[in-house]
Amino acid sequence: MFSLFLFLLSSALLLHSSSSLPFPYNTSFHIDCGGATPSTDSYNISWLADDFFTGGSTAVVSEPLHFHLQHEKTLRYFPLSSGKKNCYNIPLPPGRYYIRTFTVYDNFDGKSHSPSFDASVEGILVFSWRSPWPESLARDGAYSDLFAFVKDGQLDFCFYSIATDPPIIASLKVIQIDPLSYNSAGLGDNYILVNYGRLSPGSSQWGPGFTSDPDAFGRSWQSDSDYRTDNSRSARIITTKEKITRTEQAPNYFPMKLFQSAVTFDGGLEYELPVDAKLDYLLWFHFAEIDSTVKKAGVRVFDVLVNDKNVSRVDIFKEVGSFAAYALNYTEKNLSSSVLNVKLLPVAGAPLICGLENYAMVPADLATVPEQVVAMKALKDSLRVPGRMGWNGDPCAPTDWDAWEGVTCHTNKDGTGLVITQIELGSQGLKGHISEQISLLSNLISLNLSTNSLDGTLPIGLGQISLARLDLSNNQFSGSIPESLTSSNLQLVRLNNNLLEGRVPEELYSVGMHGGTIDLSGNKGLCGVPPLPDCPLFWEHGHLSKGGKIAIGLSCFLFVAVLLLVIYIFCVRRGRNDYDFGLPSDLISLGAKRNRYERQKSLMHLEMESQHAKGLSSLPLNPH
């Protein structure tokens with residue numbers, strides 16, 4: 001952890017320039033922290049009302065008239081009731097950004113106790129404030145700035161309370177800049193550059209918000225006089241109004257004004273820059289030959305030494321000619337002292353310098369692996385985690401801070417990220433449900449959500465192989481116990497006093513048979529294992545069992561088969577009646593009977609006729 005090197009500025013705020021520059025980026029936010037309404041300042045810069053914060057309260061400094069700008073007079077503070085960790089989460093396109101804050105205490109709470117807190121950007125610790133602040137700092141405020149990459153579409157600027165002190169912030173400015181600026185191609189994008197001094201020799205404080213002089217990045221530049229050693233106090237100032245070429249060019253867009261003033265001294269120049277040990281520092285040196293008497297190479301030559309190490313020999317005219325900007329940079333690694341010494345020693349003529357920048361190279365900290373960040377944010381929403389618990393920003397980073405309240409993290413096996421291993425949220429008044437995204441917590445060993453008011457079903461993804469302890473007792477969970485729990489290595493299972501139902505998986509129940517602890521009491525709908533009641537033959541887990549489904553399936557199959565058979569027989573018989581042209585047997589029998597009757601009738605008739613004929617022939621012709 002390192003302390004913050006602050007610029008103690010009187011009462012002005014760095015603002016984005018209103019001048020037109022050939023600058024291809026237009027994403028920027030100017031946030032008046034604590035401000036209730038949008039405003040426009042005297043530099044015609046629009047400030048947003050306070051937005052994008054996760055919690056906290058607003059306040060006004062105790063002496064508003066001491067500050068000239070509206071967005072210096074209001075602030076947002078984060079009491080412990082908002083949690084230990086709070087953030088500004090600003091949506092941004094991926095890229096590199098210049099980020100600047102203004103922080104002031106001014107006894108806004110009447111306690112005369114300046115707070116201790118840390119601040120991080122993208123999970124990387126960048127600023128540390130410790131009480132008591134210097135009196136001038138507490139009253140006047142301070143500016144701090146840095147360059148950082150945002151890769152995931154959202155800037156997380158977070159604060160962490162030390163003890164019970166509330167973090168505070170008065171304004172926050174974010175401006176997109178060239179991603180190749182400050183040699184990022186060579187240094188990589190895994191560093192944050194924290195400003196430890198941005199000096200403009202020969203000038204007073206200038207830049208957006210202080211003068212009308214523009215800076216495309218929104219940088220301000222301060223006098224170097226407080227950083228020159230005693231043997232350089234009498235350095236001579238040189239200025240010019242001539243145009244300086246090679247300025248305001250990509251990727252750094254250094255402003256022309258920076259090169260229109262300089263200091264020079266025959267005996268050499270020396271600077272002492274306050275720093276924090278154990279960090280690497282990136283130094284940028286700015287030169288321009290603005291002395292019109294120097295007309296050829298070799299007239300002004302000097303060596304640049306950093307901590308007595310000669311890092312470069314400079315002949316400005318030889319490099320770029322006169323009235324042209326020239327810059328070089330150097331990285332001092334593993335600094336072991338709290339002062340970084342810079343010397344410009346003459347070789348020919350007097351050394352000259354137009355600008356000097358010093359940045360701490362803060363390496364990226366380990367962060368929670370992305371899929372587990374997704375899972376934890378989903379759990380935050382589904383469990384309705386109260387704001388007082390401070391579940392904001394990265395769940396595990398920075399590693400100097402505690403993880404989210406109730407969360408334990410460890411480094412993953414290959415050392416490339418942080419993973420969630422334990423969640424302890426018993427008796428926290430939670431009233432939601434468990435998100436299905438919990439399945440992404442593949443390293444979770446212990447989960448305790450007992451004695452809350454959680455409901456819904458247990459997610460299918462609950463049951464990571466790593467899971468050893470599960471306590472969901474005294475809630476209102478319903479439905480069945482998911483089979484996925486049987487795939488874990490559980491040693492403790494407490495699901496008692498819920499509304500669970502259905503058959504208990506035998507593999508889960510066996511936890512108690514192998515030396516573990518399992519408690520399923522208080523769930524009237526559970527069955528299937530001692531001492532619970534037996535489950536209905538065809539019913540388990542609140543629905544038909546596998547056997548029940550098979551039985552119903554077989555019954556349906558048999559019914560359909562019989563039905564098809566009946567239909568088949570009916571259709572076959574009907575088909576024969578419809579297409580056989582022979583008379584049916586019943587009709588043949590009836591016809592035969594009718595024919596016999598007709599033959600008998602005919603024979604009787606013939607016999608009667610025959611008898612009648614015989615009778616007529618025996619009678620007398622005259623009856624007399």
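1. Let's start with E33 and E35. In this predicted model, strand E33, covering residues 499-503, pairs with E35 in the parallel sense, and 3 bridges hold the match. If you want one contact to click on, take Gly502, whose bridge partner in E35 is Leu526.

2. That pair belongs to an open sheet of 4 strands, ordered E29-E31-E33-E35, with parallel pairing. Which strands stand at its edges? They are strand E29 (455-457) and strand E35 (525-527); each has a single partner strand, so one side of each is left without a neighbour in the sheet. Going from one strand to the next, the twist averages 30°.

3. There's also an open sheet of 4 strands with antiparallel pairing, and its order is E18-E23-E20-E21. Here strand E18 (269-274) and E21 are the edge strands, each pairing on one side only. The twist from one strand to the next averages 20° in this sheet. As a quick reminder, strands of a sheet pair through backbone hydrogen bonds, either parallel or antiparallel.

4. Now walk across that antiparallel sheet from the E18 side. E18 and strand E23 (residues 339-348) are joined in the antiparallel sense over 6 bridges. Leu273 is a handy landmark, since you'll find it opposite Leu340 in E23.

5. At the other end of the strand order, strand E20 (residues 301-306) and strand E21 (residues 309-314) run antiparallel and share 5 bridges. Val306 has Lys309 of E21 as its bridge partner. The hairpin of E20 and E21 has 2 residues between the strands, and Asn307 takes a positive phi near 50° there. Worth a look if you have the backbone displayed.

6. On to the cysteines. How many disulfides does the structure hold? There are 3, and counting bonded cysteines along the chain gives the pattern 1-2, 3-4, 5-6. For anyone who wants the chemistry spelled out, a disulfide is a covalent bond between the sulfur atoms of two cysteines.

7. Cys87 and Cys158 make up one of these disulfides, with their sulfur atoms 2.0 Å apart. This pair links distant parts of the chain: Cys87 sits in strand E7 (residues 85-91) and Cys158 in strand E12, 71 residues apart. The torsion about the S-S bond of Cys87 and Cys158 is about 100°, so this disulfide is right-handed. Are the two cysteines buried or exposed? Cys87 has 0% relative accessibility and therefore counts as buried; Cys158, at 2%, counts as buried too. The cut-off behind both calls is under 20% relative accessible area.

8. Another disulfide is formed by Cys396 and Cys409, again with the sulfur atoms 2.0 Å apart. Cys396 lies in the loop between helix H5 (370-382) and strand E26 (407-411), while Cys409 is in strand E26; the two are 13 residues apart, and the pair links distant parts of the chain. What is the handedness of the Cys396 and Cys409 link? With -75° about the S-S bond, this one is left-handed. Both Cys396 and Cys409 are buried.

9. Then there's the disulfide that joins Cys527 to Cys535, S to S 1.9 Å. Its torsion about the S-S bond is about 105°, so the Cys527 and Cys535 link is right-handed. Cys527 counts as buried because its relative accessibility is 7%, and Cys535 counts as buried because its value is 12%.

10. While you're checking cysteines, have a look at Cys33 and Cys354 as well. Cys33 counts as buried because its relative accessible area is 0%. Cys354 is buried for a like reason, with a relative accessible area of 0%.

11. Last, the empty space inside. The structure holds 1 cavity of 30 Å³ or more, and the largest cavity has a volume of about 50 Å³. Which strands each supply at least two residues of its lining? These are strand E8 (95-103), strand E9 (117-121), strand E10 (124-129), strand E12 (154-161) and strand E13 (168-169).

12. As for the residues themselves, the lining of the largest cavity includes Thr101, Thr103, Phe117, Phe127, Trp129, Ser144, Phe157 and Phe159. Ile168 and Ile169 are also among the lining residues. By class, the lining divides into 8 nonpolar and 3 polar residues, with no charged ones.

How values were computed: Residues numbered from 1 in each chain as written. Predicted model: local features only at pLDDT ≥ 70, side-chain atom pairs only at ≥ 80, totals over all residues. Heavy atoms only, no water. 1 Å grid on protein atoms, 1.4 Å probe; cavity = no way out; pocket = protein on both sides within 12 Å on 5 of 7 lines; lining within 4 Å. Points joined across faces, edges and corners; volume = space filled by probe spheres on them. Nonpolar A, V, L, I, M, F, W, Y, C, P; charged D, E, K, R; others polar. Pairing = 2+ DSSP bridges. Disulfide = S-S within 2.5 Å. Buried < 20%, exposed > 50% of the residue type's maximum accessible area, 1.4 Å probe, protein only. Axes fitted to C-alpha atoms, helices over the stretch in contact; angles between N-to-C directions.
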